Amino acid sequence: SSSSSSSSSSAGGAGGSGGIAARPGMTLMDELRAHVAALGGQQTSREKRKALEADLLRQVMSMQQKALMSAKEHASGVAYTKPLLTDWRPTKALASLSKTEADVLRAQHKVEVEGENIPVPCPRFADMRLPPAVMDMLKAKGILRPTPIQVQGLPVALSGRDLIGVAFTGSGKTLVFTLPLMILALQEELRMPLAGGEGPFGILLAPARDLASQTHSICEEIAGAMASAGLPR
């Protein structure tokens, strides 16, 4: 009696709550086959979606591994293994630091890094061998010592290396990419003056107009300081 009641309840539940029910002109077995086939199609769609997601993840991981390569470089298989050539070098005292000593210096300034052959941090602007006019400009603005992002970011950029820097707002990130670019432009201008229609040496991209304006103002200050010392503007 209990077996009969259970079977009846299951059948009623299947038919009465959105389960399998025969449609006119079809047997229950035909409807079951159609239902199973539909489930198989849904499963295939899920599998396709999972395969697509896995492929996208592989592409993202590949892009992260080569994040600083352009689309053209990806397409042509070109990979740059040497940094941009610059004349900048750290002081002899800093250049002679061992990796352990450089890591201790980074820890003192709460700097975390990832990468290979990372240039040594420079805890003072005097260690960066900046033009005297730039040093005077920084002093006039009350910028007496570099912030953590500048301690490591400026030597990296001045060395011509690729850099992704992360620091909080107001930490002086703008100086990390504007100053090396201006130094590089000065270096090239002194080596061989530009003629009409030549250049530029670099391009700065900003996500908003106010940030672009702020960056332009800093570049103007650096260029003005150099020009006041008789250097090319």
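Where in the chain is the place of T86? In this predicted model, T86 sits in the loop that runs between α3 (71–76) and α4 (92–95), and the legends below begin with the whole protein before returning to that loop.

**Figure 1. Overview of the predicted protein model, which holds nine helices and zero strands.** Read along the sequence, the elements follow the pattern α-α-α-α-α-α-α-α-α. The protein has 233 residues, of which 24% count as buried, and its accessible surface comes to about 16,400 Å², with 57% of that surface belonging to carbon and sulfur atoms. Among the contacts in the protein with a separation of 6 or more, 60% are accounted for by residues 24 or more positions apart.

**Figure 2. Close-up of T86 in the loop between α3 and α4.** T86 is buried, with a relative accessible area of 13%, a value that falls under the 20% cut-off for burial. When residues up to four places away in sequence are not counted, T86 touches L158, S159, G160 and Q187. The C-alpha atoms of T86 and S159 are separated by 6.2 Å, although these two residues are 73 residues apart along the chain. The side chain of T86 also reaches the backbone oxygen of L158, at 2.9 Å.

**Figure 3. Close-up of R106 in helix α5 (residues 99–108).** Is R106 buried or exposed? With a relative accessible area of 6%, R106 is buried, because a residue counts as buried when that value is under 20%. The side chains of R106 and D103 are joined by a polar contact of 2.8 Å. Leaving aside neighbours within four places in sequence, R106 is in contact with V111, V113, I118, P119, V120, P121 and Q152.

**Figure 4. Close-up of K110 and R129, both placed in the loop between α5 and α6.** Most residues other than glycine have a negative phi. K110, however, is a residue other than glycine with a positive phi, near 55°, and R129 likewise has a positive phi, of about 55°, although it is not a glycine. K110 is exposed, with a relative accessible area of 73%, which is over the 50% cut-off for exposure.

**Figure 5. Close-up of helix α9, which covers residues 209–228.** At 1.5 Å a residue, the 20 residues of α9 should span 28 Å, and the end C-alpha atoms of the helix are indeed 28 Å apart, so the expected span and the model agree. Which residues of α9 are buried? They are T215, I218, C219, I222, A223, A225 and M226. Seen down the axis of α9, these buried residues fall within an arc of 160°, and therefore they line one face of the helix. An α-helix has 3.6 residues a turn, so residues three or four places apart point the same way. The buried residues of α9 pack against α6 (132–140) and α8 (173–191), whereas R209, D210 and S228 are exposed on the other side of α9.

**Figure 6. Close-up of G230, which follows α9.** What is the phi of G230? The phi of this residue is positive, near 85°. G230 may be viewed together with K110, whose phi is likewise positive but near 55°, and with R129, whose positive phi is about 55°.

Conventions
Residues numbered from 1 in each chain as written. Predicted model: local features only at pLDDT ≥ 70, side-chain atom pairs only at ≥ 80, totals over all residues. Heavy atoms only, no water. Helix = DSSP H or I, 4+ residues; strand = E, 2+ residues; numbered from the N terminus. Expected span 1.5 Å × (residues − 1). Buried < 20%, exposed > 50% of the residue type's maximum accessible area, 1.4 Å probe, protein only. Arc of directions from axis to C-beta. Contact = heavy atoms within 4.5 Å. Polar contact = N/O pair within 3.5 Å; in protein donor to acceptor, adjacent residues only side chain to side chain. Areas by Shrake-Rupley, 256 points an atom, 1.4 Å probe, with all protein chains shown as cover.
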